[in-house]
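Biologist: Could we go through this structure together, one topic at a time? Please begin with any term that I shall need.
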Amino acid sequence: MVQDSLNKALLLTRPLNASKRFADHLHSINSKIIIEYGPLFEIIYLDILKEPALEKKLIFTSSNAVESLKCSKIKFKGTAICVGSYTAKKARDSGMTSISS
């Protein structure tokens with residue numbers, strides 16, 4: 001039974017950067033895990049047409065949303081309400097005050 005599991009790999013289907021980050025975490029736990037990458041989608045940042053009010057709060061449901069705002073060159077320094085600690089860290093790294101759920 002154990003022999004059968006040795007030839008299996010874990011397929012990660014998230015965008016490549018997120019998959020690599022997750023694979024690094026898995027390898028820190030068990031370096032023998034075989035990882036295959038098969039991204040099913042790619043994040044493409046679109047132009048943000050309206051600048052948010054600087055004193056308002058924004059809700060970010062993923063770190064990709066934070067990165068999208070950062071790539072737009074909008075300098076939002078307000079409060080970011082974030083889903084997850086990684087999203088909150090990205091918001092803080094971008095100069096926002098973050099609140100994580």
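Modeller: Let us begin with the term helix: helices here are DSSP runs of H or I with at least four residues, numbered from the N terminus. With that in hand, F22 can be placed in helix α2. Please keep in mind that this is a predicted model.

Biologist: And is F22 buried or exposed?
Modeller: F22 is partly exposed, and its relative accessible area is 41%.

Biologist: How far apart are F22 and L12 in space?
Modeller: Their C-alpha atoms are separated by 8.7 Å, while along the chain F22 and L12 are ten residues apart.

Biologist: Let us turn to pockets. What volume does the largest pocket have?
Modeller: The volume of the largest pocket is about 570 Å³. Its lining consists of 22 residues, and those nearest the centre are N17, A18, R21, S63 and N64.

Biologist: Which helix gives the largest share of that lining?
Modeller: The largest share comes from α2, with six residues. At least two residues of the lining come from each of α2 (16–29), α3 (63–71) and α4 (85–93).

Biologist: How many of the lining residues are nonpolar, polar or charged?
Modeller: Ten of the lining residues are nonpolar, seven are polar and five are charged.

Biologist: Staying with α3, where does A65 belong?
Modeller: A65 is in helix α3. The relative accessibility of A65 is 28%, so A65 counts as partly exposed. In sequence, A65 and P15 are 50 residues apart, and their C-alpha atoms are 14 Å apart in space.

Biologist: Now a new topic. How many salt bridges does a search of the whole structure find?
Modeller: The search finds two salt bridges. One of them joins E67 and K90, with the closest N and O atoms 3.1 Å apart. E67 lies in helix α3 and K90 in helix α4, so this pair ties together parts that are 23 residues apart in sequence.

Biologist: Are E67 and K90 buried or exposed?
Modeller: E67 has a relative accessible area of 17% and is therefore buried, because buried means under 20%. K90, at 22%, is partly exposed.

Biologist: Which residues form a salt bridge at 2.8 Å, N to O?
Modeller: The side chains of D93 and K89 meet in that salt bridge. D93 and K89 are separated by about one helical turn, because they are four residues apart in helix α4.

Biologist: And what is the relative accessibility of D93 and of K89?
Modeller: D93 is exposed, with a relative accessible area of 55%. K89 counts as partly exposed, at 41%.

Biologist: Let us move to the surface. Which residues make the nonpolar surface patch?
Modeller: I59, I81 and I99 make a nonpolar surface patch of about 280 Å². I81 is located in strand β4, which covers residues 79–82.

Biologist: Why can I81 belong to such a patch?
Modeller: I81 has a relative accessible area of 32%, and patches are made of residues with over 30%, so I81 passes that cut-off. With the same 32%, I81 is classed as partly exposed.

Biologist: One last residue, please. Where does Y37 lie?
Modeller: Y37 lies in strand β2, which covers residues 35–37. Y37 is partly exposed, with a relative accessible area of 37%.

Biologist: How far apart are Y37 and K57?
Modeller: Y37 and K57 are 20 residues apart in sequence, and from C-alpha to C-alpha they are 36 Å apart in space.

Note on methods. Residues are numbered from 1 along each chain as its sequence is written. This is a predicted model: local features need pLDDT of at least 70, side-chain atom pairs count only at pLDDT 80 or more; totals for chains, interfaces and linings use all residues. Side-chain values use heavy atoms; hydrogens and water are left out. Patches are made of residues with over 30% relative accessible area and no salt bridge: like charges are joined within 9 Å, nonpolar side chains (Val, Leu, Ile, Met, Phe, Trp, Tyr) within 5 Å. Accessible areas come from the Shrake-Rupley method with a 1.4 Å probe; for residues, only the protein chains shown count as cover. A salt bridge is a side-chain nitrogen of Lys or Arg within 4 Å of a carboxyl oxygen of Asp or Glu. Buried means under 20% relative accessible area, exposed over 50%, partly exposed in between (1.4 Å probe, protein chains only). On a 1 Å grid over the protein atoms alone, a cavity is a set of points where a 1.4 Å probe fits but cannot get out, and a pocket is an open set with protein on both sides within 12 Å along at least five of seven lines; lining residues have an atom within 4 Å of a point. Grid points are joined across faces, edges and corners, and a volume is the space filled by probe spheres set on the points. Ala, Val, Leu, Ile, Met, Phe, Trp, Tyr, Cys and Pro count as nonpolar, Asp, Glu, Lys and Arg as charged, and the others, Gly among them, as polar.
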